[in-house]
Amino acid sequence: MSSWKSLLLRLGEKCPEYAGNADFKDQIEACYSAVRRELEHSGDDIFPFLLQCAEQLPHKIPLYGTLVGLLNLENEEFVAKLVENAQINLQDALETGKCNRIRILMRFLTVLMCSKVIQPSALVVIFECLLSSAATTVDEEKGIPSWQARADFYITCILSCLPWGGAELVEQVPEEIERVMVGVEAYLSIRKRVSDAGFSVFEDIEETNNAVNEKDFLEDLWSRVQDLSSRGWKLDSVPRPHLSFEAQLVAGKSHDLAPVSCPEQPGPSGVLSGIAFGRQKHEAELKYPQRIRRLNIFPSNKTEDIQLIDRFVVEEYLLDVLLFLNGCRKECTSYMVGLPVPFRYEYLMAETIFSQLLLLPQPPFKPTYYTLVIIDLCKALPGAFPAVVAGAVRALFDKIADLDMDCRTRLILWFSHHLSNFQFIWPWEEWAHVLDLPKWAPQRVFVQEVLEREVRLSYWDKIKQSIENTPALEELLPPRGGPQFKYSAEDGTDPTERALSVELKDMVKGRKSAREMISWVEENVFPAHGFDITLRVVVQTLLDIGSKSFTHLITVLERYGQVIAKICTDDDQQVKLISEVSSYWQNSAQMTAISIDRMMSYRLISNLAIVRWVFSSSNLDRFHVSDSPWEILRNAVSKTYNRISDLRKEISSLERSVVLAEEAASRARDQLDSAESKLSIMDGEPVLGENPVRIKRLKSYAEKAKEEEVSVRESLEAKEALLARAVDEIKVLILSLYKGFLTALAEPLNDAFRDGTLRPSGQADEMNIDLEDSSVMDLDKDDGGRPKKSHPNGSRERNGYNLDGKQQWCLSTLGYLKAFTRQYASEIWQNIENLDAEVLTEDAHPLFRKAIYCGLRRPLDE
């Protein structure tokens, strides 16, 4: 890497490139000298690289802005080109809806204004453009209020620029910025407050009521900016290196910044039906998502020295590093621990990372990424961060009953993975009290599921050894041992079935084909013994042959899956097949899930059969004490949904390919027509057309181009046909899934919560709780700053648990219902009319309806 590139990339870091000097002023001067020398020879390389650094290392933007300001003194043309490209990139980002790029480029332009590179009035024009678009969007008559998410995002971009340039704007253009602030306040008065109901990590006991009184994210940011304004725009988290060069920068020329324009409204204005409004609102929230939902898991005294606006800025830094360095673990960790702030922020860093890991409906990146980041931070800050992470785990464990079911699953997966990287060491004695709780108590289930996941990542004896200080917890370990093969011993097994199993094994050892095995089943087994014995013998035997490893299982299914498919031809028979698989792997939830998942991949089991099996009587009593049936159901729905997502991506790619193929074919045809239309002289006579050899070649090109166009079109038509079938499949799956939930929940909900709220029968005077109110989010504090539990959900106390099994079963199942709804909301909105007609009828329990509506962010009064 060139020296000037290294200096640009490492600007602001204590590194060898700057001889270990961490002073910003010295570093900027050194970088400026190096870049200035290269401008004449490498100017075309420098400005895109500099712009890329500013966009992808945004926590260093004040340093890059100051550097550009100094370069402006030396080479105005270079800086003018850079400003023009920044404006072009911003316009492109606005048109394509690239949220992160819009936000970062606006911050960069704000810092350039501070360095006298652009006029403050030009920046205000951009603010007013976004403000005008936002106000129009939420206008009931002229706009499309369902797209408020985009309008809110634009206002968030404006407000988030002010920590970096508010002081300069107030000093240089006070009237203009005041006009913007008044406009923002007016916008906040006409928009609708956004409720996090259904998307909160912690479910709030007073969520329905608090949604009216609590500030949402944008209102909270506005209050932080107002607080910053009242303190003279002074904050600690944003470095201001341009002040060290102010005497020089004022001599620079401020460049013109071309105005930007916001995209047109995404549709015609007017009143929409409830469903149409909900679909558009969901689409808008997918395209302009809320970046963070704060997770306050530590006592306030851990971060009380950090001002509100400083907390926002540090969160921005951390989220940007996680976003732009997601493929570089070491660099990500290095930047996260070395942010340009003068205060400690380990607790805030942990809360921010966990907020992303537990973000609903899904985290920006795969959960494994956050696991690796936390591991690397523990190694980078061994004296501080491990204790912070342990404190976060304890805080979340204390409130595990209040945790959203999806977040609870993610926390289990993260914690088990995290411990596997630290020799499974944890003070389990702190949680030994869970053994005194009912088997359905959330804390007990959490410990049980963590231990089960640890066994998957290691082996049973190792995990038993890790809890040797609390041997009683061995009760929560999963069963030890391998598969339960019914024909492994002569005692207790039918000799006829055992003989058939041995014969089948011999056929496999003799490498008999699947067709020969099918003939044997149809001629010798099925007529004499019937379906149940045939299924049991074939499935038990083939699974036993494939039980040695995952590879063995795949090999068996590939070779002899046709035998199973021939036996199980409908959903009823496939349900029995799944039960047989579950029986064989009853001691291994992992292998049960893997086997069923592989069988679904080979089309031996349908997703509808899996739904029916999960909601069968054999599984209902496990809904609140084990994640195993839910894991299998998640895999089935996810596989179906992913198939549709993949097909849509392939179709989108093929549509672009069709356009390119059409253009290529048209060009080839035009070239051929042009050549054929020309006159040429052959043997002294005028002949229509050019050289026959060239025409022949052009004809060949045109034919190939046409064939390519036809081939791509056929591929597109085939994929569209597959997508149509897949859409029909998921439509049926969604209806089956929700009917399963409806049937399973109907009687228990009426028994446990017959008045339509989460107020257990017989405790109506003591409790007044509804679906979203299954827990406490904002905890009271005792004198020591520790959280104090209130008594939701059947008077749950800090050291006690008073919900009965049926109440907890209902809460857990409703939680999973909401999680499925939230995760697959895009497909559910496409089929909402069917759900309204067949599932969400007047007879549906209010809590069942509320769980679905919260997952869709659909108004309850619709």
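Here are a few exercises on charges and cysteines in this structure, each with a worked solution.

Keep in mind that this is a predicted model, where local features need pLDDT of at least 70, side-chain atom pairs count only at pLDDT 80 or more, and totals for chains, interfaces and linings use all residues. Residues are numbered from 1 along each chain as its sequence is written, and side-chain values use heavy atoms, with hydrogens and water left out.

**Exercise 1. Find out how many disulfides the structure has, and check Cys114 and Cys328.**

Step 1: Start with the rule: a disulfide is a pair of cysteine sulfur atoms within 2.5 Å.

Step 2: Search the whole structure with that rule, and you get 0 disulfides. Take Cys114: the nearest cysteine sulfur belongs to Cys161 and sits 10 Å away.

Step 3: Now try Cys328. The closest cysteine sulfur is in Cys332, at 8.6 Å, so that's too far for a bond.

Step 4: Look at how covered they are (buried means under 20% relative accessible area, exposed over 50%, partly exposed in between, with a 1.4 Å probe and protein chains only). Cys114 has 3%, so call it buried. Cys328 has 36%, so it's partly exposed.

**Exercise 2. Work out which parts of the chain the salt bridge between Arg179 and Glu128 ties together.**

Step 1: A salt bridge needs a side-chain nitrogen of Lys or Arg within 4 Å of a carboxyl oxygen of Asp or Glu. The side chains of Arg179 and Glu128 pass, at 2.7 Å from N to O.

Step 2: Arg179 is in helix α8 (residues 174–190) and Glu128 is in helix α6 (residues 120–138), so the bridge ties together parts 51 residues apart in sequence. Helices here are DSSP runs (H or I, at least four residues), numbered from the N terminus.

Step 3: Check the cover. Arg179, at 45% relative accessibility, is partly exposed, and so is Glu128, at 26%.

**Exercise 3. Say whether Arg191 and Asp152 are buried or exposed.**

Step 1: Confirm the contact: these two form a salt bridge, with their closest N and O atoms 2.7 Å apart.

Step 2: Place them. Arg191 lies in the loop between α8 and α9 (207–213) and Asp152 in helix α7 (residues 148–172), so parts 39 residues apart in sequence are tied together.

Step 3: Both Arg191 and Asp152 turn out to be buried.

**Exercise 4. Describe the salt bridge of Glu346.**

Step 1: The partner is Arg344, at 2.8 Å from N to O.

Step 2: Glu346 is buried, at 14% relative accessibility, while Arg344 is exposed, at 62%.

How values were computed
Helices (H or I, at least four residues) and strands (E, at least two) are DSSP runs, numbered from the N terminus.
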